[in-house]
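Reader: I should be grateful for a close look at a single sheet in this structure. Please describe its construction carefully, and then place it beside other parts of the model.

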Amino acid sequence: MSANRGPSLLLMPRKYVVRTFGCQMNEHDSERIAGLLEADGYEMTTSIEEADVVVLNSCCIRENADNKLYGLLGHLKVEKDRRPDLQIAVGGCLAQKDRELVRRRAGHVDVVFGTHNVHRAGELLRLAAEHGPIVEILDEAARDDADAFPSSLPARRELDHAAWVTIQVGCDNSCAFCIVPSVRGREISRPLDDLVDEVRQLAAAGVVEVTLLGQNVNSYGRDLTKRGPMFASLLRAVGAVEGIRRVRYTSPHPKDLRPETIAAMASTPTVCEHLHLPLQSGSDRVLAAMHRGYRAERYLEKLAAAREGIDDLAVSTDIIVGFPGETDADFDQTLQVVAEAEFDSAYTFIFSPRSGTEAAEMVDRFVPHEICVERFDRLRAVVERAGRRKHSARVGRVEEVVVEGPSKRDPTVLTGRTRQNKLVHFATVDPIRIGSFADVRVIDAAAHYLMGELVGVTARPRHRTRIALSVG
């Protein structure tokens, strides 16, 4: 940083912390923010007390994320009073939505930036050090601005063997509960050749697994060509990159899941046998109020087609409990659909009104919290029952896993993830590097994970050192 902070700071690198709230898109943005700061000479620290810069990458999907953000900002006020030179920046979806409100609620924040100018994070911090607090929010990304896509910026990835790749930004859907179109803008796809080039560079650096990111990935390319979505072609192209062993993606929209995508998944060996297909509700009446664009029967037909076309497919989903106006009959229909679908796992949420969405205005139809909690518990029981059945069927099988590291509860136990995105815990005497491939025999099953025993390591990581990647 160019600001004059005193001669002693010239002798030691300045340090930063990035804290992330929300989804994989935010996690990926945070990797790019960290990469920009390291390109400016900063070093990462895990301690706010040691940091010269703290960046909070915010989320506004659920109320709990707001509470966590402002709670941490309250803690940082004490730290800022103790160390006036500490810089605090707030970016992400909440910053995009609330704009000036962030500084009104937390006047000690130095920089507020949004989802369309992540690439300006380092520069804004430099300007704020010289000129004082800055709020810079862009209303939308420019299609011809490569920096609008996080993947075009330097990155500091947390995992050397795995990487996210942003294939599109924004969303053209109008789900009544979702704030994303307001804070991420219209749907813009990156050129296919750029994406394949990025994956080639990642593979050359030792990455073996990529996850393609977008708000509605299976509409990818709809804005690039009159021939329709290009997602199936992208899956095949990325899957063919030498060195890449696993390709994942998130999240598709059920209404846009096309036969060619299922065929591409089935015919591309590197594409993992896992599909995250958000249901949200099993009630046609609620789905219509949500503006989801499909009925429960159509959802189940698409799910059946995917399972028929892709061997050993695992399916996860999202479900909202207590959407405004949801009746007991509506919820019973959701339970019936979930029971029929037999998901491997589900992310279940109690409806949380987000200011700026259509659903937030349906105040007279809000479902009492105690009813939501009771429904949530019933739904979770159905989901976990199916999860246990799915996992029990895998006992005795040998699964290929990528080692993710030691278990948080027991450092003598390693965790790995299968192609179906299932977490496997297994003991080992000898250390195994993160990013290694191993065969593990499943010996027990729970609703959310598998237990296994190591058969053997089949491949060691190809990466050597952490890199900062710059594309283009």
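Author: Two strands are said to pair if DSSP finds at least two bridges between them. Strands themselves (E, at least two residues) and helices (H or I, at least four residues) are DSSP runs, numbered from the N terminus. The model is a predicted one: local features need pLDDT of at least 70, side-chain atom pairs count only at pLDDT 80 or more, and totals for chains, interfaces and linings use all residues. Residues are numbered from 1 along each chain as its sequence is written, and side-chain values rest on heavy atoms, with hydrogens and water left out.

The sheet to examine is open and has three strands, in the order β7-β10-β11 with parallel pairing. Its edges are formed by β7 (162-166) and β11 (246-250), each of which pairs on one side only. From one strand to the next, the twist averages 25°. Angles such as this one run from 0 to 180 degrees between N-to-C directions, and axes are lines fitted to C-alpha atoms, for helices over the stretch in contact.

The pairings can be followed strand by strand. β7 and β10 run parallel and are joined by five bridges; on this side, T166 stands opposite L213 of β10. β10 (residues 209-213) also pairs with β11 in the parallel sense, over five bridges. There, E209 has R246 of β11 as its bridge partner, while L213 stands opposite T250. L213 thus faces T166 in one pairing and T250 in the other.

The surroundings of β10 deserve particular attention. A residue is called buried under 20% relative accessible area, exposed over 50%, and partly exposed in between (1.4 Å probe, protein chains only). Five of the five residues of β10 are buried, so this strand is largely enclosed by the rest of the structure. Both of its faces are covered, with E209, T211 and L213 buried on one side and V210 and L212 buried on the other. Helix α1 (residues 24-39) lies across β7, β10 and β11, and runs at about 105° to β7.

A second sheet offers a parallel case. This sheet is also open, with three strands in the order β12-β13-β14 and parallel pairing. The edge strands are β12 (274-276) and β14, each pairing on one side only. Neighbouring strands here are turned by 10° against each other on average, direction ignored. β12 and β13 pair in the parallel sense over three bridges, and H276 has S316 of β13 as its bridge partner.

Across β13 and β14 lies helix α13, which runs at about 175° to β14. This helix (residues 369-392) has 24 residues and reaches 34 Å from its first C-alpha to its last, close to the 34 Å expected at 1.5 Å a residue; the expected span is 1.5 Å times one less than the number of residues. Its buried residues are C372, R375, F376, L379, V382, V383, E384, A386, G387 and H391. They pack against β13 (314-321), α12 (328-341), β14 (345-350), β18 (437-445) and β19 (450-459), where contact means heavy atoms within 4.5 Å.

Helix α12 has a further neighbour in α11 (residues 296-309): the two axes come within 11 Å and cross at roughly 10°. That makes α11 roughly parallel to α12, since angles under 35 degrees count as roughly parallel, over 145 as roughly antiparallel, 65 to 115 as roughly perpendicular and the rest as oblique. At their interface, A296, L300, L303 and R307 of α11 meet V337, E340 and A341 of α12.

Some individual residues complete the account. E187 is found in the loop between α6 (180-184) and β9 (188-189) and is buried, with a relative accessible area of 4%. Its C-alpha atom is separated by 5.5 Å from that of D172, although the two residues are 15 apart along the chain.

A search of the whole structure finds zero disulfides, a disulfide being a pair of cysteine sulfur atoms within 2.5 Å. For C175, the closest cysteine sulfur is that of C178, at 6.1 Å, which is too far for a bond. C175 counts as buried at 11% relative accessibility, whereas C178 counts as partly exposed at 25%.
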